[in-house]
Amino acid sequence: MPSHTFVLNGQPVTVEAPDDMPLLWVLRDKLGVTGPKYGCGVGVCRACTSHLDGAEFQPCTVAVKDCAGRQVTTIEGLADGDTLHPVQEAWLACDVAQCGFCQPGQIMTAVALLRRTPTPTDADIDQIQNICRCGTYPRIREAIKQAATRTA
């Protein structure tokens, strides 16, 4: 079985897995990282959204071999110890989550958006394609705008 080494949430990890195993399964089943959720397996629902070298990506569509030597950040690595990221704080302040299933992916997408566009417009936020079955989109929009004032 091949071994793969990458940095996960700031810590180097090495895992044995088939080269073509989706990173999502490596994270969840081999490393016990459960923040990224399995929704569709083809990158459409975006429940698994995480960051690869600082850019958002869907680990359900990326093979573990393609992450060698790279930086993978999941929702578990977003906070700085006990200090939540401003987006996480805004999510709580705006009471965004209902069922919560999609929220790690939503938050990781929002963080990536704010890195690219520090003061997003409604049109920028509307470009987010993460699916929320509970329909908390108005609160997601409010939280992103609130976080923008904290990260700017």
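This is a short chat about the sheet and the cysteines in a predicted model.

Q: What's the strand order in the open sheet?
A: The order is β2-β1-β5-β3-β4, so five strands by name, and the pairing is mixed.

Q: Which strands stand at the edges?
A: Those are β2 (11-16) and β4 (55-57). Each has a single partner strand, so one side of each has no neighbour in the sheet.

Q: And how are neighbouring strands turned against each other on average?
A: By 40°, with direction ignored.

Q: Back to β2, in what sense does β1 pair with it?
A: Antiparallel, over 6 bridges, with β1 covering residues 3-8. In that pairing, His4 stands opposite Val15 of β2.

Q: What about helix α3, which strands does it touch?
A: Helix α3 (residues 103-116) packs on the sheet and touches β3 (50-52), β4 and β5 (71-73). The direction of α3 makes about 50° with that of β3.

Q: Switching to cysteines, how many disulfides are there?
A: The count is 0, going by sulfur pairs within 2.5 Å.

Q: Where's the nearest cysteine sulfur to Cys48, then?
A: In Cys60, 3.7 Å away, and Cys48 is in no disulfide.

Q: Is Cys48 buried or exposed?
A: Buried, at 3% relative accessibility.

Q: And why no bond for Cys132?
A: Because the closest cysteine sulfur, in Cys102, is 3.8 Å from the sulfur of Cys132, which is too far. Cys132 is buried as well, with a relative accessible area of 6%.

Note on methods
Residues numbered from 1 in each chain as written. Predicted model: local features only at pLDDT ≥ 70, side-chain atom pairs only at ≥ 80, totals over all residues. Heavy atoms only, no water. Pairing = 2+ DSSP bridges. Helix = DSSP H or I, 4+ residues; strand = E, 2+ residues; numbered from the N terminus. Axes fitted to C-alpha atoms, helices over the stretch in contact; angles between N-to-C directions. Contact = heavy atoms within 4.5 Å. Buried < 20%, exposed > 50% of the residue type's maximum accessible area, 1.4 Å probe, protein only.
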